[in-house]
Amino acid sequence: MISSREGRAAVHEDMPGNDGLFGPGSVTWRVMGEPVLMVGGVRALLLQALHPRSMWGTAQNSQLMDPREAWARLGRTVEFVRVRTWGTEDEVERIGRRIRKLHSKLTGLDLRTGETFGVDDPENLLWVHMGEVDSYLDIARRAGVPLSRGDADRFVDEQRRAAAVVGLDPAGVPGSVAEMQAYYREMRKHIWACKEAREGLLRMFNPNVPRQLLPLKLAAPGLGMLVVSTLPRWARRMYGLPGLPTSDLAATMTLKGLYRTTKVIPEKVRYQPDALRARRLIREYEESARLVGLAS
């Protein structure tokens, strides 16, 4: 019997626009399927939480702070990233339209000033977007996923297409590693760890998980320590944690070990169905390009 996820991957095969935002020639497809990037997804949440308005807007409009509902919300976020990365053009457009419509109706309260702000404020959207881009790229490079400097710049540039899905103008989104670094240097003047962000950090080490995910509770402290250690030093200090170079080195060595370990697992087990399909299409694309090169 074919699982629902395998079925979703299978229906892509002969559809026009089935490569979605990226396709087999993209760095995104080469990177995003690696299991070690799950660390990047959690890292992104901690980084995103350092923008108070982004944190307040999320906490005030969702069940994020309710341990009983947080996992359902996390599941919806994972599904959004899955569709945005691997989905067809139609699937990406549908989920993007739904997200933009939802965000346009939500407001948050700035707990410093009492001002009401829109959740879809471009500054908030951009901060959340860049938290993902920086986290996925940082984890991939430190784990040893093969990426040149040019590949890293291409990855950041490709993610501007993802930024458009949530309503950002790609022209105003950093499109290279250098532009992303400059963005963070500027934003560090305006962010800090609010109470809700610190509470979220603590819950990561002792999560309230559904019964079927109980083993994750045992793994949470170790995973939490790894994720925290991968944050930029300035981010760790904002959370009141040590920002030592030795922590960076230890985290990098652990990520390299995880990546090497997953590579010995058979591909059909190591990758999710969407990533398996992408890897097959990447091989076909590269073989086609090789043949064209030989013929020219």
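**Figure 1. Both D138 and R43 are buried, and their side chains meet in a salt bridge.** In this predicted model, the contact between D138 and R43 is 3.7 Å, taken from N to O. The pair links distant parts of the chain, since D138 sits in helix α7 and R43 in helix α3, with their positions 95 residues apart in the numbering. A student who follows the sequence alone would find these two residues far along from one another, 95 residues apart, yet in the model their side chains meet at 3.7 Å. This salt bridge belongs to a set whose count comes to 24.

**Figure 2. A salt bridge joins the side chains of D274 and R82.** The distance from N to O in this pair is 2.9 Å. Here too the pair links distant parts of the chain, with D274 in helix α15, which covers residues 273-295, and R82 in helix α5, which covers residues 70-86. The two residues are 192 residues apart, and both D274 and R82 are buried.

**Figure 3. Within helix α6, R97 and E93 meet through their side chains in a salt bridge.** The contact is 3.1 Å from N to O. Because R97 and E93 are four residues apart in helix α6, which spans residues 89-104, they are separated by about one helical turn. R97 has a relative accessible area of 44% and is therefore partly exposed, and E93, with a relative accessible area of 37%, is partly exposed as well. Elsewhere in the model, salt bridges that share partners join E34, E267, R279 and R283 into one network.

**Figure 4. Helices α7 and α8 have axes that come within 10 Å.** Two packed helices are described by the angle between their axes and by the distance between those axes. For α7, residues 122-143, and α8, residues 149-165, the axes cross at roughly 150°. Angles over 145 degrees count as roughly antiparallel, and α7 and α8 are therefore roughly antiparallel to each other. In this arrangement α7 passes α8 in a right-handed crossing.

**Figure 5. Helix α7 also packs with helix α9, residues 177-187.** The axes of α7 and α9 are 11 Å apart, and the angle at which these helices pack is about 125°. That angle makes α7 oblique to α9, and the crossing of the two helices is left-handed.

**Figure 6. G175 lies in the loop between α8 and α9.** With a relative accessible area of 14%, G175 is buried. Although G175 and A44 are 131 residues apart along the chain, their C-alpha atoms are separated by 18 Å.

**Figure 7. L45, L74 and V78 make a nonpolar patch on the surface.** The patch has an area of about 230 Å². One of its members, L45, is found in helix α3, which runs over residues 38-48. L45 has a relative accessibility of 39% and so counts as partly exposed.

**Figure 8. Helix α13 contains both G257 and D248.** The helix covers residues 245-263. G257, at 28% relative accessibility, counts as partly exposed, whereas D248, at 17% relative accessibility, counts as buried. What separates these two descriptions is a cut-off, because buried means under 20% relative accessible area. The C-alpha atoms of G257 and G114 are separated by 47 Å, and these residues are 143 residues apart along the chain. For D248 and L276, which are 28 residues apart in sequence, the separation in space from C-alpha to C-alpha is 31 Å.

**Figure 9. E287 is found in helix α15.** E287 is partly exposed, with a relative accessible area of 35%. From E287 to R43 the separation is 35 Å in space, C-alpha to C-alpha, and 244 residues in sequence. Helix α15 is also where D274 is placed, and R43 is the residue whose side chain meets that of D138 in a salt bridge.

Technical notes. Residues numbered from 1 in each chain as written. Predicted model: local features only at pLDDT ≥ 70, side-chain atom pairs only at ≥ 80, totals over all residues. Heavy atoms only, no water. Patch = residues over 30% accessible without salt bridge, like charges linked within 9 Å, V, L, I, M, F, W, Y side chains within 5 Å. Areas by Shrake-Rupley, 256 points an atom, 1.4 Å probe, with all protein chains shown as cover. Salt bridge = Lys/Arg side-chain N within 4 Å of Asp/Glu carboxyl O. Buried < 20%, exposed > 50% of the residue type's maximum accessible area, 1.4 Å probe, protein only. Axes fitted to C-alpha atoms, helices over the stretch in contact; angles between N-to-C directions. Parallel < 35°, antiparallel > 145°, perpendicular 65-115°, else oblique. Left-handed = near helix turned anticlockwise from the far one by under 90°.
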